[in-house]
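Work through the exercises below with the model open beside you. Try each task before reading its solution.

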Amino acid sequence: MSISVVIAYHSGYGHTARQAQAVASGAESVPGVHADLRNVAVLDEPLWQALADAEAIIFGTPTYMGSQSAVFQAFAEASGQVWARQGWRDKLAAGFTTSAGVNGDKLNTLSSLTVFSAQHGMHWVSLGLPPGWLYSTTGEVDDLNRLGGFLGAMAQAPSDAGPDDAPPTADLRTAEHLGRRVAQVAVQMRQGRLVGAA
Ligand SMILES: Cc1cc2nc3c(=O)[nH]c(=O)nc-3n(C[C@H](O)[C@H](O)[C@H](O)COP(=O)(O)O)c2cc1C
């Protein structure tokens, strides 16, 4: 049976949705893993069931006013019933965000996602990439992780660029990397659980 990695995201204008698709394509590239894209604007039973069945949940939200969007926060608060029974305990967690500013206070959004995951008793998986574009001689603006995040995948979408044009390829490749990394850890986690149960 395939291992499920759910990408639970919100996107108001389509940019974070593109980032979410890149995360999913990275996760799906790992043999034995199924990536399941879920928009948390719809809080229905299939969403909660998919999350319950997941080995890993990768949370994604645009950065609005320096933190997660209100729609994502509504999802986080609705997860209170799952929290009460620690239903996501020991699942893997990771996160990503898009904002218009190069910095844009994206770190605050990712920090908030880590706290949310910790409240659920989940294990946070970091981005696992060195910062790109770090040296003038060997780095460039198109480097993987050009925005230099560590907690999760960051992407930038200038306010006047539609989701067909932004985030740029470097940020989408960074998102893909996060999806692949989480999926690889999910496989290791599942194998470890099977050994533990034997
Ligand atoms: C209400 C609101 C608040 C925003 N706040 C920020 C912010 O704090 N920092 C930033 O860099 N961009 C901010 N933006 C810009 C969005 O992060 C940016 O447009 C992003 O691409 C939106 O992602 P989405 O298309 O998935 O909704 C804000 C946009 C809106 C609508």
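Helices (H or I, at least four residues) and strands (E, at least two) are DSSP runs, numbered from the N terminus. Residues are numbered from 1 along each chain as its sequence is written. The model is predicted: local features need pLDDT of at least 70, side-chain atom pairs count only at pLDDT 80 or more, and totals for chains, interfaces and linings use all residues.

**Exercise 1. Check the confidence.**
Find the mean pLDDT of the protein.

Solution. pLDDT is the predictor's confidence in each residue, from 0 to 100. The mean is 97, and 100% of the residues reach 70 or more. For the complex, the predictor gives an ipTM of 0.99 and a pTM of 0.98.

**Exercise 2. Locate the cis bond.**
State where Pro 167 sits.

Solution. Pro 167 belongs to the loop between strand 7 (153-156) and helix 6 (169-197). Now look at the bond that leads into Pro 167 from Ala 166: this peptide bond is cis, with omega near 5 degrees. Most residues other than glycine have a negative phi, and most peptide bonds are trans.

**Exercise 3. Compare two positive-phi residues.**
Are Asp 90 and Trp 133 buried, partly exposed or exposed?

Solution. Start with the cut-offs: a residue is buried if 20 or more other C-beta atoms lie within 10 Å of its own, exposed if 12 or fewer, and partly exposed in between, with C-beta atoms placed from the backbone.
- Asp 90 lies in the loop between helix 4 (80-84) and strand 5. Its phi is near 70 degrees. Asp 90 is exposed because it has 12 C-beta neighbours inside 10 Å.
- Trp 133 lies in the loop between strand 6 (123-124) and strand 7. Its phi is positive, about 50 degrees. Trp 133 is partly exposed because it has 17 C-beta neighbours inside 10 Å.

**Exercise 4. Map the ligand shell.**
Which element gives the most residues to the shell around the ligand?

Solution. A residue is near the ligand if its C-beta atom, placed from the backbone, lies within 6 Å of it. The ligand is surrounded by 19 residues, and the closest are Gly 12, Tyr 13, Thr 16, Gly 101 and Gly 104. Helix 1 (15-28), strand 3 (56-64) and strand 5 (92-99) each give two or more. Strand 3 gives the most, with 3 residues.

**Exercise 5. Trace the contacts of Ile 57.**
Which residues does Ile 57 touch, leaving out those up to four places away in sequence?

Solution. Contact requires C-beta atoms, placed from the backbone, within 7 Å. Ile 57 touches Val 6, Ala 8, Leu 51, Trp 88, Lys 91 and Ala 93.

Methods. Two residues are in contact if their C-beta atoms, placed from the backbone, lie within 7 Å.
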